[in-house]
Amino acid sequence: MTRYPRDLRGYGAEAPDPQWPNGAKAAVQFVLNYEEGGENCVLHGDAASEAFLSDIPGAAQWPGQRHWNMESIYEYGSRAGFWRLHRLFTGAGIPLTIYGVATALARSPEQVQAMKDADWEIASHGLKWVEHKDMAEEEERAAIAEAVRLHTEVTGTRPRGWYTGRCSANTVRLVAEEGGFDYISDTYDDDLPYWLETGGRDQLIIPYTLEANDMRFANSPGWITGEHFFQYLKDAFDVIYAEGEAGAAKMMTIGLHCRLVGRPGKIAGLKRFIDYIQGFEGVWCPRRIDIAEHWAETHPPVKRERPSRMGREAFVSKFGSIFEHSPWIADRAFDLELGPAHDCAAGVHNALCRIFRTASEEERLGVLTAHPDLAGKLAAAGRLTAESTSEQSSAGLDMLTDEERETFTRLNTEYVEKHGFPFIIAVRDHNKASIMEAFHRRIHNDRATEFAEACRQVERIAQFRLQDLLP
């Protein structure tokens with residue numbers, strides 16, 4: 001059995017209405033990453049200098065050495081950029097979420113006090129602003145615990161939100177296992193929060209962004225001027241806001257860094273964007289913790305049966321009758337690479353149909369011949385499966401006149417004699433009259449054409465049956 005862990009489905013075609021406070025059409029959330037003083041530096045016990053997200057073209061780590069230019073660029077963020085951003089957002093009345101690297105916060109007491117005085121949320125950005133991809137699991141778990149401890153010591157309260165950024169494949173699970181976080185943001189996979197079963201709990205995930213993010217001032221392709229940044233943010237907001245007006249409200253996250261957008265030529269675009277969105281009604285600019293609290297209250301986690309997590313016996317028991325009297329299809333489908341994308345009607349249908357389509361012609365014929373005649377003797381005797389009984393009843397085939405019943409009986413007999421299997425049609429797509437019309441038309445097809453059509457109808461019947469069971 002192979003189970004694929006990635007969730008490529010998410011909410012699917014119908015995302016939930018977030019029901020933002022006061023009927024807001026869009027939630028626009030600003031994050032300021034505070035990393036200055038937590039980056040790679042030999043003074044911090046690291047093996048080399050920092051090389052990530054600066055204005056130095058082609059920066060590389062310097063093993064065993066301080067990189068004076070790199071350090072000073074980070075220091076610009078704490079010395080000047082932070083205060084420019086502080087004036088902008090407090091002046092606009094928009095609260096921020098700080099992603100604070102614990103060691104950086106510990107080296108910046110005046111900035112931390114300013115964050116607290118402004119009632120900004122200070123979420124955790126890890127212990128140090130370093131790569132975690134090669135960390136042993138126990139080392140990363142210890143780093144998470146120390147980040148929480150130091151953060152609490154420095155700010156006075158433990159962090160309720162977490163974002164590592166340079167994370168490992170274990171990060172989200174390990175942070176969830178820590179047990180104290182209202183949300184984790186180490187994903188980029190949706191426009192809305194969602195619940196993830198991981199680390200032994202239902203963990204709220206509030207996805208972050210790397211595209212509506214000033215980091216692209218330091219990456220290629222990226223922003224060259226503040227106007228580029230403004231135009232991208234404006235375009236994204238316009239789409240999000242229009243979706244909200246159409247009843248499909250979403251969340252827009254904007255990622256910022258003190259040493260990047262804190263520069264005068266870059267912050268101009270951000271200021272223009274803030275002025276722009278403040279001209280709209282129904283725009284909510286919360287902290288991330290406000291989103292987490294709203295989501296937990298409005299959209300709490302819902303437990304439901306997930307096909308990809310079932311054992312074989314439960315899977316076959318649940319889906320063995322979807323293809324009429326053919327549990328072998330569900331049994332074989334269980335061995336496919338199922339994952340979260342299969343935890344819905346379309347997902348299980350696809351898996352079952354793959355088995356049916358690749359079965360031998362003899363096996364598929366067995367599925368066809370397992371289907372009862374429409375309005376036939378089994379129906380009259382009450383010996384249909386529950387699914388077939390409901391389906392035939394929905395089209396009125398349980399309330400035929402004597403003449404209609406005689407016609408169906410005659411056509412059934414002729415059809416089976418010609419093709420070697422019963423006439424099969426997804427009755428939920430039809431009424432009694434259109435079923436009869438299809439019967440008269442299809443009985444004249446050659447066997448190969450009708451075999452293919454009957455198989456398509458079997459798949460359609462399976463689709464309806466699964467839609468009764470799964471979202």
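# Reading a predicted model, feature by feature

Guide: Welcome! Let us start with H325, which is exposed because its relative accessible area is 55%, and the cut-off for exposed is over 50%. Please keep in mind that this is a predicted model.

Visitor: Thanks! Where is H325 found?

Guide: H325 is found in the loop between α9 (312-319) and α10 (327-333).

Visitor: How do I read the backbone angle phi there, and what is the phi of H325 near?

Guide: Here is the general idea: most residues other than glycine have a negative phi. H325 has a phi near 50 degrees, a positive value in a residue other than glycine. D119 is another case: its phi is positive, about 60 degrees, although D119 is not a glycine. You can find D119 in the loop between α3 (109-117) and β4 (121-124).

Visitor: Let me try strands next. In which sense do β7 and β8 pair, and over how many bridges?

Guide: Strand β7 (residues 194-198) pairs with strand β8 (residues 201-205) in the antiparallel sense, over five bridges. To follow one of these links, look at W195, whose bridge partner in β8 is L204. The two strands form a hairpin with two residues between them. In that turn, G199 has a positive phi of about 60 degrees. As for side chains, the general idea is that in a regular strand they alternate between the two faces of the sheet.

Visitor: How do I read a residue inside a strand? Is T97 buried or exposed?

Guide: T97 counts as buried, because its relative accessibility is 0% and the cut-off for buried is under 20%. T97 is found in strand β3 (residues 97-100).

Visitor: Which residue does the side chain of T97 join in a polar contact?

Guide: The partner is Q29, and the polar contact between the two side chains is 3.3 Å. Setting aside residues up to four places away in sequence, T97 also touches others, including F30, V31, L32, E121, A123 and Y183. R287, R288 and I289 are among its contacts too.

Visitor: Now a helix, please. Where is E450 found, and what does its side chain join in a polar contact?

Guide: E450 is found in helix α17 (residues 447-467). A polar contact of 2.5 Å joins its side chain to that of R442. E450 counts as buried, since its relative accessibility is 0%. Beyond its neighbours within four places in sequence, E450 is in contact with Y415, H419, F421, F423, R442 and N445.

Visitor: Y415 and F423 both carry rings. How should I read aromatic pairs, and how many does a search of the whole structure find?

Guide: A pair of aromatic rings is described by the distance of the centres and the angle of the planes. The search of the whole structure finds 32 aromatic pairs. Y415 and F423 form one of them, an edge-to-face pair at 5.4 Å centre to centre, with 85 degrees between the planes. Y415 is buried, with a relative accessible area of 0%, and F423 is buried as well, at 1%.

Visitor: Which residues form one aromatic cluster?

Guide: F30, F89, F230, F237, Y241, F273, Y276 and F280 form one. You have met F30 already, as a contact of T97.

Visitor: Which residues lie over the face of a ring, and at what distance from the ring centre?

Guide: R3 lies over the face of F334, at 4.6 Å from the ring centre. R158 lies over the face of F181, at 4.6 Å from the ring centre.

Visitor: How many disulfides does the structure hold?

Guide: The structure holds zero disulfides. C344, for example, is in no disulfide, and the nearest cysteine sulfur, that of C353, is 13 Å away. C344 is buried, with a relative accessible area of 5%, whereas C167 is partly exposed, at 26%.

Visitor: One last feature: how do I set sequence distance beside distance in space? How far apart are H342 and Q231?

Guide: H342 and Q231 are 111 residues apart in sequence, and 38 Å apart in space, C-alpha to C-alpha. H342 is found in the loop between β11 (337-338) and α11 (345-358). Not counting residues up to four places away in sequence, H342 touches P307, E337, G347, V348 and A351. For another pair, take L127 and R158: they are 31 residues apart along the chain, and their C-alpha atoms are separated by 13 Å. L127 is buried, with a relative accessible area of 19%, in the loop between β4 and α4 (137-155).

Technical notes: Residues numbered from 1 in each chain as written. Predicted model: local features only at pLDDT ≥ 70, side-chain atom pairs only at ≥ 80, totals over all residues. Heavy atoms only, no water. Helix = DSSP H or I, 4+ residues; strand = E, 2+ residues; numbered from the N terminus. Buried < 20%, exposed > 50% of the residue type's maximum accessible area, 1.4 Å probe, protein only. Polar contact = N/O pair within 3.5 Å; in protein donor to acceptor, adjacent residues only side chain to side chain. Contact = heavy atoms within 4.5 Å. Phe/Tyr/Trp six-rings, centres within 6.5 Å; stacked < 30°, edge-to-face > 60°. Lys NZ or Arg CZ within 6 Å of the ring centre and 35° of its normal. Disulfide = S-S within 2.5 Å. Pairing = 2+ DSSP bridges.
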